[in-house]
Amino acid sequence: MSFGLALSAMILMGSCGQAAPEARLGEEWTLKPGQAGRIRGEDLRIRFVSVTQDSRCPKGEQCIVAGNAAIALEISRGDLEPVSFQLNTSEEPQEVVYEGYAARLVDLAPYPVTGRAINSVDYLATVLVRKL
């Protein structure tokens, strides 16, 4: 393969030569903020937009309530425009339905620790998608 073809292939695959993450239905997978992935064989795409709230009680603290973290997620299928959803760690909704699929927020890491700020780019959302 020529250098030009190899370079073109890397550009098409995305930054740093990495392809978009893929998962199968019913399989947990992890996305970074701004990262999009797809469900293999389903023409379904999921994008973790950002963390919109994180009021979870930090480890080592005694809180009256556990708190909640919320993420913005976009889901699209085929040529349809992406639809925005909010998913939560402890409040509802923790799962949303879109075009015959259910997407659930399984985990949001890292968990807050007293005295340590979480940089927005360090979050990782673990999501599970299943067909209804």
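1. Val 97 stands opposite Ala 102 in β8. This pair is a good place to enter the structure, which is a predicted model. The strands concerned, β7 and β8, pair in the antiparallel sense over four bridges. They form a hairpin with two residues between the strands. Within that hairpin, Glu 99 takes a positive phi near 50 degrees.

2. Now the overall plan. The chain has one helix and nine strands. The helix leads from the N terminus, and the strands follow it, in the run α-β-β-β-β-β-β-β-β-β. There are 132 residues, of which 29% count as buried. Take the contacts in the chain with a separation of 6 or more: residues 24 or more positions apart account for 41% of them.

3. Which strands make up the open sheet of four, and in what order? The order is β2-β9-β8-β7, with antiparallel pairing. The edges are β2 (29-31) and β7 (95-98). Each has a single partner strand, so one side of each is left without a neighbour in the sheet. On average, neighbouring strands of this sheet are turned by 35 degrees against each other, direction ignored. Strands of a sheet in general pair through backbone hydrogen bonds.

4. Look next at β8 and β9 in this sheet. Strand β8 covers residues 101-109 and strand β9 covers residues 124-131. They pair over eight bridges, in the antiparallel sense. One bridge sets Tyr 101 against Lys 131 in β9.

5. Thr 126 deserves a separate look. Its place is in strand β9. Is Thr 126 buried or exposed? It is buried, with a relative accessible area of 13%; the cut-off for buried is under 20%. Its side chain makes a polar contact with the side chain of Thr 30, at 3.2 Å. Leaving aside neighbours within four places in sequence, Thr 126 is in contact with Glu 28, Trp 29 and Thr 30, and also with Arg 104, Leu 105, Val 106 and Asp 107. Set these contacts beside the strand order: β9 stands between β2 and β8 in the sheet.

6. A second hairpin is formed by β5 and β6. Strand β5 takes in residues 69-77, and strand β6 residues 83-88. The two pair in the antiparallel sense over six bridges. Ala 70 stands opposite Asn 88 in β6. Five residues lie between the strands. In the turn, Gly 78 has a positive phi of about 55 degrees.

7. Where is Asn 68 found? It sits in the loop between β4 and β5. Asn 68 counts as buried, at 0% relative accessibility. Its side chain reaches two backbone nitrogens. That of Thr 89 is at 3.2 Å. That of Ser 90 lies 3.0 Å from a polar atom of the Asn 68 side chain. Not counting residues up to four places away in sequence, Asn 68 touches Gln 53, Asp 54, Ser 55 and Arg 56, as well as Asn 88, Thr 89, Ser 90 and Glu 91.

8. The structure holds one disulfide. It joins Cys 57 to Cys 63, with S to S at 1.9 Å. The torsion about the S-S bond is about 75 degrees, so the disulfide is right-handed. How do the two cysteines stand in accessibility, buried or partly exposed? Cys 57 counts as buried, at 12% relative accessibility. Cys 63 counts as partly exposed, at 38%. A disulfide is a covalent bond between the sulfur atoms of two cysteines.

9. Last, the interior. In soluble globular proteins, nonpolar side chains tend to be buried together. Here the largest nonpolar core has 23 residues. Those with the most contacts inside it are Trp 29, Phe 48, Ile 71, Ile 75 and Val 129. Two or more residues come from each of β2, β4 (44-54), β5, β6, β7, β8 and β9.

10. Phe 48 shows the reach of one core residue. Neighbours within four places in sequence are left aside here. Its contacts include Leu 31, Lys 32, Pro 33, Gly 34 and Gln 35. Also in contact with Phe 48 are Ile 71, Ala 72 and Leu 73. Leu 108, Tyr 123, Leu 124 and Ala 125 touch Phe 48 too. Among these partners, Ile 71 is itself one of the core residues with the most contacts.

Definitions and conventions: Residues are numbered from 1 along each chain as its sequence is written. This is a predicted model: local features need pLDDT of at least 70, side-chain atom pairs count only at pLDDT 80 or more; totals for chains, interfaces and linings use all residues. Side-chain values use heavy atoms; hydrogens and water are left out. Two strands pair if DSSP finds at least two bridges between them. Axes are lines fitted to C-alpha atoms, for helices over the stretch in contact, and angles run from 0 to 180 degrees between N-to-C directions. Buried means under 20% relative accessible area, exposed over 50%, partly exposed in between (1.4 Å probe, protein chains only). A polar contact is a pair of N or O atoms within 3.5 Å; within protein, one must be able to donate a hydrogen and the other to accept it, and residues adjacent in sequence count only if both atoms are side-chain atoms. Contact means heavy atoms within 4.5 Å. A disulfide is a pair of cysteine sulfur atoms within 2.5 Å. A nonpolar core is a set of buried Ala, Val, Leu, Ile, Met, Phe, Trp, Tyr and Cys residues joined through side-chain atoms within 4.5 Å.
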